[in-house]
Amino acid sequence: MAKAYAGIVGIGAYVPEKRLTNHDLEKMVDTSDEWIRTRTGIVERRIVEGDIATSDLAVPAAKAALLDAGIGVDDVDLILATTSTPDMIFPSTACLIQKKLGIKNCAAFDLQAACTGFVYGLAVASQFIETGMYKTVLLIGADAFTKHINWKDRGTCILFGDGAGAVVLQQVEEGYGVLGSYLDADGKGSDLLKIPAGGSLQPGNEFTVKNGLHYVQMNGNEVFKFAVRILPEAATKVLNEVGLSIDDVDYLIPHQANMRIITAAAERLGIKQEKIAVNIEMYGNTSTASIPLALNDLYKSNRIKKGDILLFVGFGAGLTWGANVVKWAIKGD
Ligand code: UT7
């Protein structure tokens, strides 16, 4: 049987209304707009308020992606939600999204690969199409990291923002769509970035709350060094796998963690700045949502044309990292 090609046929994104600027943060912790801009490239981020949860970010993004693809909710065979800030430990956020979208029958599950979630998710989701098991997969990257932030920790609270991006995957014409994916992990780095409490190891209790173990903890320096090394490495590996070079890439869409990581990796890769999708200044690090949010901005500004080669590269807690090469299958306006 000939291989089926899985491609993105619709995109949507959503960020919460509330903006938290660097100047707002100056009033909360010992930091400055100047420090945050120069050390990270972030100017503001969007944050959820009250009882808004990850699924509430995912649903509008999913609806926008389905509308863009020109299909209804009942066409969806599988919802694959990538998140490391699920609404609850269980049921899965994918099932909560299914309920909110009003989809009667479809498979639904979560995939957790932290900030690499969307890259992992695309690799997994595309295989359901390639094998012929499903016709339509709704892949969502959604995180509400600010719900787990210690607003007194200037090493983390300045970085993260909330948001969601969604894509619809279906079979596309031969030679288009996801051309290849590369995924990797190294659990030895699992202590570098984590939320220690709330799982089976340390369920939430008075002790964990008193000691702030339910907050994001990060060794920023070590993660930074890892990211600068791994981003070009993952990009090169996936390009080699599909027989392309960096010169064939029309757009690099990296995880938006820190502008200095993106710039250093771009230099190592030898790719020009204008070929890199960057929106970190507006949203900060939105974890698994950052790649689809950047893709959505690029797409909505009509800069991607059919046949363009896109390179997604993610990295994050786990440690996890990976990359996908996509030949764009949607015809432009
Ligand atoms: O998405 C998952 C992956 N996450 C990441 O990729 C994050 C990677 N790491 C980073 O982006 C950076 O490490 C940070 C932005 C978190 C920190 O930047 P840095 O350049 O690595 O700063 P640093 O931790 O080496 O700290 C340099 C100085 C220190 O002061 P001293 O010891 O030199 O006096 C810090 O205390 O900057 C200080 N500092 C701050 N100053 C003002 C740290 N955070 C802040 C802050 N405002 N928010």
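Where is the place of P91? I located P91 in the loop between β4 (78-82) and α4 (93-101); helices (H or I, at least four residues) and strands (E, at least two) are DSSP runs, numbered from the N terminus. I then checked the backbone there and found that the peptide bond from F90 to P91 is cis, with omega near 0°.

Before going further, I noted the conventions. The model is predicted, with local features requiring pLDDT of at least 70 and side-chain atom pairs pLDDT 80 or more, while totals for chains, interfaces and linings use all residues. Residues are numbered from 1 along each chain as its sequence is written, and side-chain values use heavy atoms, leaving out hydrogens and water.

**Entry: other backbone features.** I found a cis peptide bond between G318 and L319, with omega about -5°. L319 belongs to the loop between β12 (309-316) and β13 (320-327). I also looked up S287, which has a positive phi of about 60° and is not a glycine. S287 lies in the loop between α10 (280-283) and α11 (290-300).

**Entry: ligand shell.** I listed 23 residues around the ligand (a heavy atom within 4 Å of it). The closest are T31, R39, N258, R260 and N285. By class, I recorded eleven nonpolar, eight polar and four charged residues; Ala, Val, Leu, Ile, Met, Phe, Trp, Tyr, Cys and Pro count as nonpolar, Asp, Glu, Lys and Arg as charged, and the others, Gly among them, as polar.

Which helix gives the most to the shell around the ligand? I identified α8, with four residues. At least two shell residues come from each of α2 (33-40), α6 (154-157), α8 (220-242) and α9 (259-269). Domain 1 (5-176) and domain 2 (179-327) each supply at least three residues of the shell, the domain bounds coming from an automatic or database assignment.

**Entry: polar contacts and burial.** I looked for polar contacts to the ligand, taken as pairs of N or O atoms within 3.5 Å. A side-chain N or O atom of R39 is 2.7 Å from a ligand oxygen atom, and the side chain of R260 also places an N or O atom 2.7 Å from an oxygen atom of the ligand. For N285, I noted a polar side-chain atom 2.6 Å from a ligand oxygen atom. The ligand alone exposes 940 Å², of which the protein buries 72%, by the Shrake-Rupley method with a 1.4 Å probe.

Key:
Polar contact = N/O pair within 3.5 Å; in protein donor to acceptor, adjacent residues only side chain to side chain.
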